[in-house]
Amino acid sequence: MSKDAAVVIHDLHKHYGTIKAVDGLSLEVPRGRLFGLLGPNGAGKTTTLRCLCTLERPDAGHIEVCGIDVRRDPRATRRLLGYVAQEVALDKVLTGRELLQLQADLYHLNPALARTRIDESLALLGLQDRADDRIKTYSGGMMKRLDLAAGLLHSPEVLVLDEPTVGLDIQSRLSVWNFLRELVRRGITVLLTSHYLEEIDMLASEVAIIDRGRVIAQGTPDALKQRVGGERVTLRIREFSPREEAERAATALGALPFVKEVIINGAQGNALYLVVASGDPLQTVPMMRSTLQELGLPLFGVAQSRPSLDDVFLAATGQTLQDADLAASVAARGKKKK
Amino acid sequence: MRDSLLTTDKVSQDVRLRAETPSLAAQFAQETFALLRRLLIQLSRRPSFFVGSLIQPLMFLVLFSALFAQVPRGLFGTGDSYTEFLAAGVIVFTAFGSALNAGLPLVFDREFGFLNRLLVAPLASRLSIVFASVLFIVGTSLVQTLVIGLASLAMGAHFAGGLEALPLVVLTVALLVLGFGALSIGLAFALPGHIEMLAAVFVLNLPLVFSSTALAPLHFMPDWLRLVASLNPLTYAIEPIRYLFATSQWSLTAPVIAAPFAQMSIPGCLLVLAAFDTLAVGLVALILKKKLA
């Protein structure tokens, strides 16, 4: 267990009834960085955070925050953590300022300190003008910002956020992202979970990818992508191609020397998804185009990219993040747990 | 030294924290008072439930007194009129009704995720959540008691016990509300959601009221009902208040309840209520321990 870690989770287990939500999860969050926990719905992200923030009792495992054992001294760890849950935890009858005052009292800040911190956090989140209006008059984005302000009020070492931008409009998402980057710049450790690829990819300096209750890959985004390797080419014969055309093209393209794998993505109009050895696109794309021309097939579009975290997830689990999300929501329709 | 929100320099933060952290008792007081203040703000901005809870007993008082207005004096064994007899019953069952609903805000807090905010905070003790709710409900019940008492006086009842007896009335109501309030809060954590909570309140409210001496004295009841009423904490709140309404030369040694197993004076009744309270609070503490991480 590294002394420099802000959060250490070792072999965490937690089940609800017959469902094993977290199944031997281990990770280390370095201080002063933004750490992302990426995984589909139902992977165990929320449960992990709830165990970390003392809202749940784990079945087994060891959790430390800044070197303090969470089970042995929960109060001390609560002082070090700020938790922002997925759903806002606000009281609509109160004003923004009253809610922050309540938060200050729950964390035992003295009145002078509370006043300073409340004013600062209102200013930081751009809520000064509406601080004395009732929360029920706030927009969704403002409520989220107030939630963030409340989480920071007691100057935690680690800010823990569960799916911070779900349901927010684009403007709010951008401002939350900027805000989180700013926090890290000022030295706060941020741990966030998300099922949004681009969010984690853009923000996190280190990622743990979790599926079915355990970490399946961990590292910096670049390192993970490099480990998976290869380039990704998405090729569309037509905007929506018939299956047999796609299959013919797949067979022909698969024969090319630099093409490692071809997958037909039925959900995307039978687009062809190729994994190619890293090479000069000035050579590879014309070769693919001429292969198609020989078959008498047009080329609607080509997109080439480095591997993404989705490819990392795909390599590790055999499913893309989107498909895993879909599978989880279908399963959840069976039994909804609150 | 600028108290920046986002300084994480460990040394300066340690120094600040040490200077900031008050004693455990002071922390408990701070968090309890903050939670109580929230409940009071909610009451002031959404008063309809409380106002309704005042109108209902007043209507009860007026209508039931009118119903029994022709009843021969002294039939109910105490006082001049049924109003006088009824007043104690109305005071107690109103307080009881409020106490049963004490847990409802907590159920909603649980359902809407607000409770998470409280549970993630470094509270001196999670019992401060219970304590704040109990203080709130005792306070509102005493206001209700005052309003009903004044109304019954306006309707011609006399409070024979005089001003010196008022502290006893206050104490009795407070003890009753504490016990049932704590039970209600326990239910708020034990039951799945607000539907179940409302169902429980419905089921408990009227049967407990009718199996007490709220509406009729013990000697009216058949034996089995008399036994049930003698085991009902409500009875032990009603009878002392009723006695104080009716008796100008009251004393702490006179019997106020003739239960099948014993005769009880006012201190005896208060002791019964206190025992009930201890059981209730113990139960809540157990439920909290089991339900919360």
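# Exercises on a predicted two-chain model

An open sheet in chain A contains four strands in the order β2-β1-β4-β5, and their pairing is antiparallel. Strands β2 (19-30) and β5 (68-69) of chain A occupy the edges with a single partner strand each, so one side of each is left without a neighbour in the sheet. The structure is a predicted model. The exercises below begin with this sheet.

**Exercise 1.** Determine how strands β1 and β4 of chain A pair, and which helix lies across them.

*Solution.* Step 1: recall that strands of a sheet pair through backbone hydrogen bonds, in either a parallel or an antiparallel sense. Step 2: identify the partners, which are β1 (residues 5-16) and β4 (residues 60-65) of chain A; they are antiparallel and share five bridges. Step 3: locate a facing pair, such as A:I9, which stands opposite A:I63 in β4(A). Step 4: add the helix. Helix α1 (residues 45-52) of chain A lies across β1, β2 and β4 of chain A, and runs at about 115° to β1(A).

**Exercise 2.** Decide whether the faces of strand β6 of chain A are covered or open, and describe its pairing with β7(A).

*Solution.* Step 1: take the residues of β6 (residues 81-84) of chain A by side. A:L81 and A:Y83 are on one side, while A:G82 and A:V84 are on the other. Step 2: apply the cut-off for burial, which is 20 or more other C-beta atoms within 10 Å. All four residues are buried, and both faces of the strand are therefore covered. Step 3: turn to the pairing. Strand β7 (residues 158-162) of chain A runs parallel to β6(A), and four bridges join the two. Within this pair, A:Y83 stands opposite A:V160.

**Exercise 3.** Classify A:T234 as buried, partly exposed or exposed, and describe its surroundings.

*Solution.* Step 1: place the residue. A:T234 belongs to strand β11 (residues 231-236) of chain A. The domain assignment divides chain A into domain 1 (5-225) and domain 2 (230-306), and the C-alpha centres of these domains lie 41 Å apart. Step 2: count neighbours. A:T234 has 15 C-beta neighbours inside 10 Å, so it counts as partly exposed. Step 3: list the contacts. Leaving aside residues up to four places away in sequence, A:T234 touches A:A271, A:Y273 and A:A303. Step 4: compare sequence and space for one contact. A:T234 and A:A271 are 37 residues apart in sequence, and their C-alpha atoms are 6.8 Å apart.

**Exercise 4.** Describe the contact between the chains from the side of chain A.

*Solution.* Step 1: count the residues, which are 36 from chain A and 28 from chain B. Step 2: name the helices. On the side of chain A that touches chain B, α2 (74-80), α3 (96-106) and α4 (111-124) of chain A each supply at least two residues, and α4(A) gives the most, with six. Step 3: sort the chain A residues of this side by type, which yields 16 nonpolar, seven polar and 13 charged.

**Exercise 5.** Summarise the architecture of chain B and the confidence of the prediction.

*Solution.* Step 1: count the elements. Chain B has twelve helices and two strands, and along the sequence the pattern is α-α-α-α-α-α-α-α-α-α-α-β-β-α. Step 2: state the extent. Its C-alpha atoms fill a box of roughly 80 × 35 × 35 Å along the principal axes, and 40% of the 293 residues count as buried. Step 3: assess confidence. The average pLDDT of chain B is 87, with 91% of residues scoring at least 70. Confidence in chain B is lowest in helix α1 (residues 10-20), at a mean of 52, and highest in helix α2 (residues 24-45), at 96. Step 4: conclude with the whole model, which scores ipTM 0.85 and pTM 0.84.

Technical notes
Residues are numbered from 1 along each chain as its sequence is written. Chains are lettered from A and ligands numbered from 1 in the order in which they are written. This is a predicted model: local features need pLDDT of at least 70, side-chain atom pairs count only at pLDDT 80 or more; totals for chains, interfaces and linings use all residues. Domain bounds come from an automatic or database domain assignment. A residue is buried if 20 or more other C-beta atoms lie within 10 Å of its own, exposed if 12 or fewer, and partly exposed in between; C-beta atoms are placed from the backbone. Two strands pair if DSSP finds at least two bridges between them. Two residues are in contact if their C-beta atoms, placed from the backbone, lie within 7 Å. Axes are lines fitted to C-alpha atoms, for helices over the stretch in contact, and angles run from 0 to 180 degrees between N-to-C directions. Ala, Val, Leu, Ile, Met, Phe, Trp, Tyr, Cys and Pro count as nonpolar, Asp, Glu, Lys and Arg as charged, and the others, Gly among them, as polar. pLDDT is the predictor's confidence in each residue, from 0 to 100.
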